[in-house]
Each structure stands twice: as structure tokens, then as C-alpha cells.
Amino acid sequence: MKNSNGARKQKEELINDLSEKLIKAKAALFADYTGVTVAQITNLRGELRKENISAKVAKKTLIDLALKKAGLAEEAKKMPGQVILITGEDDEVAPAKISYKFSRKNDKLKILGGFLNGNFIDQA
């Protein structure tokens, strides 16, 4: 029983963390990272961190709960692949710009869409 309570608390903390990031974010981006290596994700996170941008990998159901808590109407579970959530509090453009540049070098990373000023924008 101890482990399930600990896991639940850990999930609740992750949901709270993600929802806070979504609320504070000027821009949030969703990308499918299926097939991207750990080393490549680490490199992407390093590039993002230089611009004070966060990248979190989480199960789609947890991302959905965070989206709901943040008052945003979108569902990660409808998105293809494994989803990474990229959020930037300082700049509206930098999360997309850095992610796009990375995806040009690493074609496995596919940008799915994101939020700009609370409005969802898909990859088109």
C-alpha cells in the first residue's frame, strides 16, 4: 500500500507542476518524441534550458489532467505517439523556434501543436 500512495502523490505533484507551467507559460508546445534517443532529448533539453524553457515527458493522461487543471481545452491522449510538453514563460516564440530547429536535424521529433496566449494551435 505504501508504494501506491507514494506513486499517487508523485503523480499529483507532476500534475501540479505541469499545470503551473501551463498557467505561467506564454507558449506551450506538444511534440511526439517517439524514436528520439535519450541523448537527443537531453541535447534538446539543454538547448531549451538556455532560454529558460522547460521540457517534461509525462503520460498523456497526466498531461490531460494538468491541461484540465490549467483550464485549457485540449487532450493529449488524442495526440499521436509519446508526448513531450515544452513550456516557455519568457518568450512566446523561443519554444517553437528551438523545437523546430531541433526537429530539422532530428526528424523523429514531430511538433504536434501548442498553446499561444491560451489558444490551441495545431501543427498546420
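What follows is a walk through the fold of this predicted model, from its sheet to its cores and a few single residues.

The sheet makes a good starting point. Five strands form an open sheet in the order 2-3-1-4-5, and their pairing is antiparallel. At the edges stand strand 2 and strand 5 (119–122); each has a single partner strand, so one side of each is left without a neighbour in the sheet. On average, and with direction ignored, neighbouring strands are turned by 20° against each other.

Now for the pairs themselves. Strand 1 (residues 27–32) and strand 3 (residues 83–88) run antiparallel and are joined by 6 bridges. Here Asp 32 sits opposite Val 83 of strand 3. Helix 2 packs on the sheet, where it touches strand 2 and strand 3, and its direction makes about 150° with that of strand 2. Strand 1 also has strand 4 as an antiparallel partner, again through 6 bridges, with Ala 31 standing opposite Ile 111 in strand 4. Strand 4, in turn, pairs with strand 5 in the antiparallel sense over 4 bridges. Leu 116 has Asn 119 in strand 5 as its bridge partner. These two strands, 4 and 5, make a hairpin with 2 residues between them, and Asn 117 in the turn takes a positive phi of about 55°.

Two other spots in the chain also have a positive phi. Most residues other than glycine have a negative phi. Asn 52, which is not a glycine, has a positive phi near 60°. Asn 52 lies in the loop between helix 2 (38–50) and strand 2 (53–57), and counts as partly exposed because its relative accessibility is 47%. Gly 71, just after helix 3, has a positive phi of about 80°.

What about the inside of the fold? Nonpolar side chains tend to be buried together in soluble globular proteins. In this model the largest nonpolar core has 18 residues, and the ones with the most contacts inside it are Leu 22, Phe 30, Ile 63 and Leu 67. Helix 1, strand 1, helix 3, strand 3 and strand 4 (110–116) each give two or more residues to this core. Helix 3 supplies the largest share, 4 residues. Take Ile 63 as an example: leaving out residues up to four places away in sequence, it touches Leu 18, Phe 30, Ala 58, Ala 76 and Val 83. Apart from this core lies another one, of 15 residues, with Tyr 33, Leu 48, Ala 55 and Ile 86 among them.

Helix 3 deserves a second look. Its buried residues include Leu 62, Ile 63, Ala 66 and Leu 67, but also Asp 64. Asp 64 belongs to this helix, which covers residues 60–69. Which side chain of opposite charge is nearest to Asp 64? That is Lys 77, at 4.8 Å, and the buried Asp 64 has no salt bridge. Neighbours within four places in sequence aside, Asp 64 is in contact with Glu 74, Glu 75, Ala 76 and Lys 77.

Last comes a residue from helix 1 (residues 2–24), namely Glu 12. Is Glu 12 buried or partly exposed? Its relative accessibility is 44%, so Glu 12 counts as partly exposed. Along the chain, Glu 12 and Phe 115 are 103 residues apart, and their C-alpha atoms are separated by 22 Å.

Technical notes:
Residues are numbered from 1 along each chain as its sequence is written. This is a predicted model: local features need pLDDT of at least 70, side-chain atom pairs count only at pLDDT 80 or more; totals for chains, interfaces and linings use all residues. Side-chain values use heavy atoms; hydrogens and water are left out. Buried means under 20% relative accessible area, exposed over 50%, partly exposed in between (1.4 Å probe, protein chains only). Lys and Arg count as positive and Asp and Glu as negative; His and the chain ends are not counted. A salt bridge is a side-chain nitrogen of Lys or Arg within 4 Å of a carboxyl oxygen of Asp or Glu. Contact means heavy atoms within 4.5 Å. Two strands pair if DSSP finds at least two bridges between them. Axes are lines fitted to C-alpha atoms, for helices over the stretch in contact, and angles run from 0 to 180 degrees between N-to-C directions. A nonpolar core is a set of buried Ala, Val, Leu, Ile, Met, Phe, Trp, Tyr and Cys residues joined through side-chain atoms within 4.5 Å.
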